[in-house]
Amino acid sequence: MLKMNYWTDKWDLDEKICPCDVHFNDWVAKEKLKNKTIYHFGTGTHHVIGIKQAAQKNRVLAITASKEEYDSYIKLVTENSSVAKQYVAYFGDIYLTNPDLLPDFDVVTMFHLCEFFFPNTASKEYGGLTDAKMLDLFTAKTRKGGYILFYMSSYKYHLAEPVIAKWAKKAPVKRVGEFKTLLVYRKK
């Protein structure tokens, strides 16, 4: 029996190290997005996207591979039922995502593309996706006119950038620009 790959660390909110979640909330406000369904890759212990978007009446489904981040989610929602109604975080390996379990999304964050890929992830035995296939899966789950965002200051962006470039040439998407540290695409 294989153990699931998981992250043995956590991300606390530190705008100097990882401002992407704060920038995402700023982008949503700028775009005046309301009543949207968002998929968020990487919650952080701070859960600033889930908390802020719940207050804005957007719905967020987020994944974390960190036990500490998931524990902080459980504490958050047990103490705040209004957040629990709009924000669901689950513990898992995004590379093992089953598309049949996902709804369609208006916005998808791929901020941590290429950051959590383990040497065994795409092996036949483990059964995970590559970053390119995972990006294709979430593109297919993004509604027409929806957005897919990337974090250009990710510590693995040098690995994600060629994956994104290849994807952008074949996927039904158009680059619409940059916002602070975020790269924004829209599905055609």
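**Cysteines**

I searched the whole of this predicted model for disulfides and found 0. As a reminder to myself, a disulfide is a covalent bond between the sulfur atoms of two cysteines. I then looked up Cys114, which is in no disulfide, and noted that the nearest cysteine sulfur, belonging to Cys20, is 15 Å away. Because a pair counts as a disulfide only when the sulfur atoms lie within 2.5 Å, I left Cys114 and Cys20 unpaired in my notes.

Are these two cysteines buried or exposed? I read a relative accessibility of 0% for Cys20, so I entered Cys20 as buried. For Cys114 I read a relative accessible area of 8%, and Cys114 is therefore buried too, since the cut-off for buried is under 20%.

**Strand E4 and its partners**

I turned next to strand E4, residues 105-109, and asked how many of its residues are buried. The count came to 5 of the 5, so I recorded E4 as largely enclosed by the rest of the structure.

Which strands pair with E4? I found strand E1, residues 37-41, joined to E4 in the parallel sense over 3 bridges, and within this pairing I located Tyr39 opposite Val108 of E4. I also found strand E5, residues 142-151, running parallel to E4 with 4 bridges between them, and here I noted Thr109 standing opposite Leu149 of E5. Following the chain from E4 to E5, I passed through helix H5, residues 131-140, and I logged this β-α-β crossover as right-handed.

Key: Residues are numbered from 1 along each chain as its sequence is written. This is a predicted model: local features need pLDDT of at least 70, side-chain atom pairs count only at pLDDT 80 or more; totals for chains, interfaces and linings use all residues. Side-chain values use heavy atoms; hydrogens and water are left out. Buried means under 20% relative accessible area, exposed over 50%, partly exposed in between (1.4 Å probe, protein chains only). Helices (H or I, at least four residues) and strands (E, at least two) are DSSP runs, numbered from the N terminus. Two strands pair if DSSP finds at least two bridges between them. A crossover is right-handed if, with the strands pointing away from the viewer, the path from the first strand over the helix to the second runs clockwise.
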